[in-house]
Structure formats: C-alpha cells, structure tokens
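Please consider the model shown below, with attention to how one of its helices is enclosed and how charged side chains pair.

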Amino acid sequence: MVVSTDKDLYQLIDPQTAVFRPGAKENMLTVQSFHRLFDGLSPADWVRVKALAGCNSDGVPGLRGVAEKTAIKAIQGSLTGKRMDAVAKHLQTPEYERDLSLVRLPFDGRLLGPIRRMADAEWLTEVMWKRTCHAAGIKYLHYPGV
C-alpha cells in the first residue's frame, strides 16, 4: 500500500498495490476503483494523462490549455474537435516524449529487499511522532534503521 496524496503515484496501482489517499472522498484506490473513478482508464494510462496535462509541482509543462480532465477525455477517446486535433498533434512531438519520461516512475519493486511489517505498537508510535512533528512545524523525515 502506498499512502500519498500525490497523483503521480497512481501509476503504481496494480493487483498487489493500492494507493491510500488521506482526506479524499474515495480514499482507497485499487485497480477496480481506479477504473470506476476514471471511467475506464487503467492506472497504466495515468502516465499519459500526466504527460498531457503536465504537473506544475514536478516542472512538467504538458500541453498548454490541457488540464487533467481534458487529458482524461483524450485518453478515453471522448474528446473531439479542435482540442482533440491539438492533442493528437502533440502526441507526435518530442515534447510529449520528454514529458512522458519526466512523469514515468523508474520504480521496479523487484529491486527492493523484503519489506518489513511494523508491529501495531511501532506503527502507532511512528504515526503519533509524525503528527507531533507536523503540529510543531518540524519537517519529519524517517530513516529506517536509525
């Protein structure tokens, strides 16, 4: 399970991986709920959505005038007219290929060692410490094994 509000991480959703989004209306995204929430898109499609729409926080420009909703419609095939023509043209550009490479995560879970499961008491201590740091305005960083 991935816990994050960062939409870039949607691309990690697969049958063994879900994304928990704290504070979201539908806070647990699995392959099935993602498919339902985004009208048929798969998590693998999310890279193309982000490459088209761009991502300000990651410095990915995307296609000017195309936000997330428009990019989703384009990927779904429900966008028509001049906007779809502009998207289709953009998909053939080096800029789109660059944006794809910027948003695609180079994550390969097979490179990780075994993931250690925290005991409930350890997890609760971790959560409470993080909340305390956040409330005090202290940036919390976790270094496993330290």
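The paragraphs that follow treat the burial of one helix and then a set of salt bridges.

The model is a predicted one. A suitable starting point is helix 2, which spans residues 46-53. Seven of its eight residues are buried, and helix 2 is therefore largely enclosed by the rest of the structure. The buried positions are W46, V47, V49, K50, A51, L52 and A53. What covers them includes helix 1 (31-37) and helix 3 (68-76), together with helix 4 (81-90) and helix 5 (94-103). Helix 2 is followed by G54, a residue with a positive phi, near 80 degrees.

Among the buried residues of helix 2 is a lysine, K50, and this leads to the question of charge pairing. Side chains of opposite charge can pair when their charged atoms come close. In this structure there are five salt bridges, and three of them are described here.

K50 forms a salt bridge with D8, and the closest N and O atoms of the two are 3.8 Å apart. Because K50 lies in helix 2 and D8 in the loop between strand 1 and strand 2, the pair ties together parts that are 42 residues apart in sequence. The relative accessible area of K50 is 9%, so K50 counts as buried under the 20% cut-off. D8 is likewise below that cut-off, with a relative accessible area of 8%, and is therefore buried.

The loop between strand 1 (2-3) and strand 2 (19-20) also holds K7. The side chain of K7 meets that of E68 in a salt bridge, with an N to O distance of 3.0 Å. E68 belongs to helix 3, and the pair links distant parts of the chain, 61 residues apart. How accessible are the two partners? K7 has a relative accessibility of 33% and counts as partly exposed. E68, at 23% relative accessibility, counts as partly exposed as well.

A further salt bridge joins the side chains of D45 and R48, with an N to O distance of 3.6 Å. D45 is buried, its relative accessible area being 15%, whereas R48 is partly exposed, with a relative accessible area of 34%. R48 lies within the residue range 46-53 of helix 2.

In summary, helix 2 is largely enclosed, since seven of its eight residues are buried. One of these buried residues, K50, is paired with D8 in a salt bridge.

Conventions
Residues numbered from 1 in each chain as written. Predicted model: local features only at pLDDT ≥ 70, side-chain atom pairs only at ≥ 80, totals over all residues. Heavy atoms only, no water. Buried < 20%, exposed > 50% of the residue type's maximum accessible area, 1.4 Å probe, protein only. Helix = DSSP H or I, 4+ residues; strand = E, 2+ residues; numbered from the N terminus. Contact = heavy atoms within 4.5 Å. Salt bridge = Lys/Arg side-chain N within 4 Å of Asp/Glu carboxyl O.
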